[in-house]
Amino acid sequence: MSAVRADAPGRDGARLGLAARLGAARDADWGPVPVLIGLALIWLVFQLLNENFLTARNLSNLVLQVGVVGMLSLGVVLVLLIGEIDLSLGTLAGMCAAVVAVLLTNHGWPTWAAIAFAIAVGAAAGLLQGGISVLVGVPSFVVTLGGFLAWQGVQLTLLGNAGELRVEDEFVRGIANSYLPSWLAWLLLVVAVAGWWADVALRRRARTRLSLTTRPLSHDVAACLAPAAFGALVVAYLDGYFGVPWLLVVLIGISVALGALTTRTQLGRHLFAIGGDREAARRAGVRVDQIRVLVFALAAGLAAVAGLIAVSRQFAVSTGTGGGTLLLEAIAAAVIGGASLFGGQGRVYQALLGALVIASVENGLDLLGKPSSTKDIATGAILVAAVSIDAISRRRRAARGA
Amino acid sequence: MPAVNSAPLLRLEGIRKSYGAVHALNGVDLEVRRGEVLALVGDNGAGKSTLVKTIAGAHTADEGRILFEGDEVRVSGPQAAAELGIATVYQDLAICDNLDVVANLFLGREQVKAPLAGRLRRLSNAAMEQRTREVLAELSVTTLRDVRRPVSGLSGGQRQAVAVARAVLWGSKLVLLDEPTAALGVEQTDMVLGLVRSLAERGLGVIVISHNLSDVFRVADRIAVLRLGRNAGTFVRAESEPDDVVAAITGGRLLSGAKAS
């Protein structure tokens with residue numbers, strides 16, 4: 001039997017006409033480009049409306065503002081990847097914040113022990129919810145809706161009648177209120193950039209060795225230079241105020257670790273497989289149930305860290321910590337960053353960019369003295385717009401692929 | 001171990017399977033050799049699917065013997081079948097749309113490297129991609145140029161090719177295909193039938209379930225007919241006519257209009 005002719009459009013770049021090239025561009029995975037364009041537009045508009053928006057001081061504040069939602073969105077994106085939802089992460093963060101406050105303020109625990117215990121409580125709560133969802137077969141929406149209520153109840157119980165608990169611990173306060181000395185910021189940047197360059201070079205070498213196709217060298221050079229230049233700009237700019245906040249280092253560090261986990265490891269591959277087709281993954285030998293439970297625990301552990309950041313921002317825990325629209329904003333951030341609510345699509349660091357979009361809108365409208373009602377409306381509109389653009393591009397891609 | 005090409009790779013003897021009072025299989029014999037495509041045909045309810053599921057380990061027979069490479073085996077589950085070298089490509093293909101071709105081929109058995117342990121080990125993406133290209137080239141699959149594209153963008157035939165390549169990649173000796181050309185267009189059907197032939201040319205045994213007699217006559221070396229859970233004849237393709245097979249399927253009555261084209 002003869003080999004079969006290609007029934008897919010040719011993808012050899014050299015032979016493509018302009019129309020085909022545009023088509024290929026539409027098909028391509030745009031990665032962070034849409035959310036970056038959106039972010040640039042939002043920043044431009046706010047800068048035009050208020051010249052204080054892009055000052056070092058305001059951008060420094062913006063980094064701190066993005067902390068809680070950003071950290072929460074990292075957990076959300078993991079849960080969305082496997083095609084589940086977790087509605088409890090917000091109040092879980094609030095409960096863990098209350099646990100830390102009670103241990104530190106009322107019981108005088110050492111800082112590290114209180115933090116470790118709170119994160120363990122968070123992870124255990126996630127383990128419980130994931131376990132119930134997987135073993136009993138209750139949809140995660142329902143289990144975590146129950147969790148949403150229950151954890152808030154625990155938080156209120158812990159805080160008692162006062163409804164608020166101050167935290168004096170220096171370390172906890174410092175998480176969102178301390179800055180890197182200039183030299184350390186630059187050193188970290190150099191180390192991070194060097195690591196990234198080495199990674200790009202090693203991947204290229206691995207492909208060349210096996211004589212596989214490689215990206216054009218210019219792509220790799222751009223992939224090396226762009227983050228370096230952007231990083232240098234951020235560090236130099238923030239140095240104009242107090243310096244680079246530690247919180248930014250924590251956010252980027254955790255998202256890099258989770259990014260590597262999801263895109264570079266076998267476990268990460270399995271997360272995408274479960275989100276894509278759970279039954280196919282199971283038949284291929286992926287330990288679906290185990291991994292699902294693990295993801296709920298991991299997301300809950302990250303929510304506990306988000307709770308810590310919330311404490312650090314407010315120097316206290318109140319009944320409102322972790323409540324309100326917090327979790328919905330984190331889900332919105334993940335979706336604006338390109339994660340799919342149907343599972344199997346999404347990138348960790350893009351969720352952080354999505355969180356930056358939401359925080360930028362809030363920050364900008366604050367600067368303009370708008371009430372929170374306006375902020376809610378604007379955030380809602382942006383979410384729907386972002387998802388609509390994504391849905392349209394996906395439908396086009398599917399239509400062309402079929 | 002017989003090295004001759006004609007020695008049976010798989011031999012079923014007197015397979016019986018009942019679901020309650022329903023006798024799905026009533027003592028079926030079947031034989032597949034290396035390098036041979038065996039088509040399994042029969043009307044709805046003839047027991048084709050039940051038989052394939054028995055071989056695939058999806059359920060076990062009540063009675064009868066299964067000999068694989070000359071030894072009697074118990075196919076107690078899909079895992080046991082995979083360990084023997086029996087791969088099944090079901091109609092729904094069981095591939096993940098959001099993953100690319102390489103990821104689908106290696107799903108569950110990814111090539112990994114140090115440093116971390118367990119499932120935190122790093123994927124060897126370049127090595128997996130190279131192996132994928134080799135397997136696709138061996139199978140003469142030229143339609144999958146970009147193995148880094150998500151499978152969602154592939155046609156039905158290409159997806160079938162991915163599922164079949166997965167079976168080959170893992171060194172399967174016997175491949176079971178359930179209606180591989182159902183819902184495919186003419187060109188896609190050509191491609192998939194070509195793929196089935198190239199599996200046999202590689203020395204694998206292939207069992208194809210199909211309703212489409214014209215496809216069966218193009219691809220099979222032998223045709224086994226089941227009727228009401230019993231053997232109703234085995235035909236050597238080169239020596240038989242579609243009408244003979246139709247007669248066997250329907251139990252001797254030659255229905256007008258049922259002639260295969």
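Over all chains, the structure, which is a predicted model, holds 30 salt bridges. Several of these pairs can be followed one by one, beginning within the individual chains and ending at the place where chain B and chain A touch.

In chain A, A:Asp366 and A:Lys375 form a salt bridge whose closest N and O atoms lie 3.2 Å apart. The two partners fall into separate accessibility classes: A:Asp366, at 38% relative accessibility, counts as partly exposed, whereas A:Lys375, with a relative accessible area of 15%, is buried, because the buried class takes in residues under 20%. Chain A also contains a network of salt bridges, in which A:Glu84, A:Arg278, A:Glu279, A:Arg282, A:Asp289 and A:Arg292 are linked.

Chain B offers two pairs that can be placed on its secondary structure. In one of them, B:Glu63 forms a salt bridge with B:Arg16, and the closest N and O atoms are 3.6 Å apart. This pair links distant parts of the chain, since B:Glu63 belongs to strand S4 (residues 63-68) of chain B and B:Arg16 to strand S1 (residues 8-19) of chain B, with their positions 47 residues apart in the numbering. B:Glu63 is partly exposed at 48% relative accessibility, and B:Arg16 is likewise partly exposed, with a relative accessible area of 35%.

The other pair in chain B joins B:Asp97 to B:Arg159, with 2.8 Å between the closest N and O atoms. B:Asp97 sits in the loop between strand S6 (86-89) and helix H3 (101-106) of chain B, while B:Arg159 is part of helix H5 (residues 156-169) of chain B, and the salt bridge therefore ties together parts that are 62 residues apart in sequence. At 32% relative accessibility, B:Asp97 counts as partly exposed.

What holds for charged side chains can be set beside the cysteines. A disulfide is a covalent bond between the sulfur atoms of two cysteines, and the structure holds 0 disulfides over all chains. Among the cysteines, A:Cys224 is buried, with a relative accessible area of 14%, and B:Cys96 is buried as well, with a relative accessible area of 0%.

The remaining topic is the interface between the two chains. The size of an interface is often given as the accessible area lost when the parts come together. Between chain B and chain A the buried area is about 3600 Å², and carbon and sulfur atoms give 54% of that area. On the side of chain B, the residues that lose the most area to chain A are B:Asn98, B:Arg119 and B:Arg145, which together account for 19% of what that side buries. Counted by contacts, 42 residues of chain B meet 39 residues of chain A.

How many salt bridges does the rule find across the interface of chain B and chain A? The rule finds 1, and in a salt bridge between the two chains the side chains of B:Glu129 and A:Arg207 meet with 2.8 Å from N to O. Polar contacts across the interface amount to 8 residue pairs, both residues being at pLDDT 80 or more. The elements of chain B that give two or more residues to the side touching chain A are strand S8 (122-123), helix H4 (125-138) and helix H6 (186-201), and H4(B) provides the largest share, 7 residues. By class, that side of chain B has 15 nonpolar, 13 polar and 14 charged residues.

Note on methods
Residues numbered from 1 in each chain as written. Chains lettered and ligands numbered in written order. Predicted model: local features only at pLDDT ≥ 70, side-chain atom pairs only at ≥ 80, totals over all residues. Heavy atoms only, no water. Contact = heavy atoms within 4.5 Å. Buried area = accessible area lost by both parts, 1.4 Å probe. Salt bridge = Lys/Arg side-chain N within 4 Å of Asp/Glu carboxyl O. Polar contact = N/O pair within 3.5 Å; in protein donor to acceptor, adjacent residues only side chain to side chain. Helix = DSSP H or I, 4+ residues; strand = E, 2+ residues; numbered from the N terminus. Nonpolar A, V, L, I, M, F, W, Y, C, P; charged D, E, K, R; others polar. Buried < 20%, exposed > 50% of the residue type's maximum accessible area, 1.4 Å probe, protein only. Disulfide = S-S within 2.5 Å.
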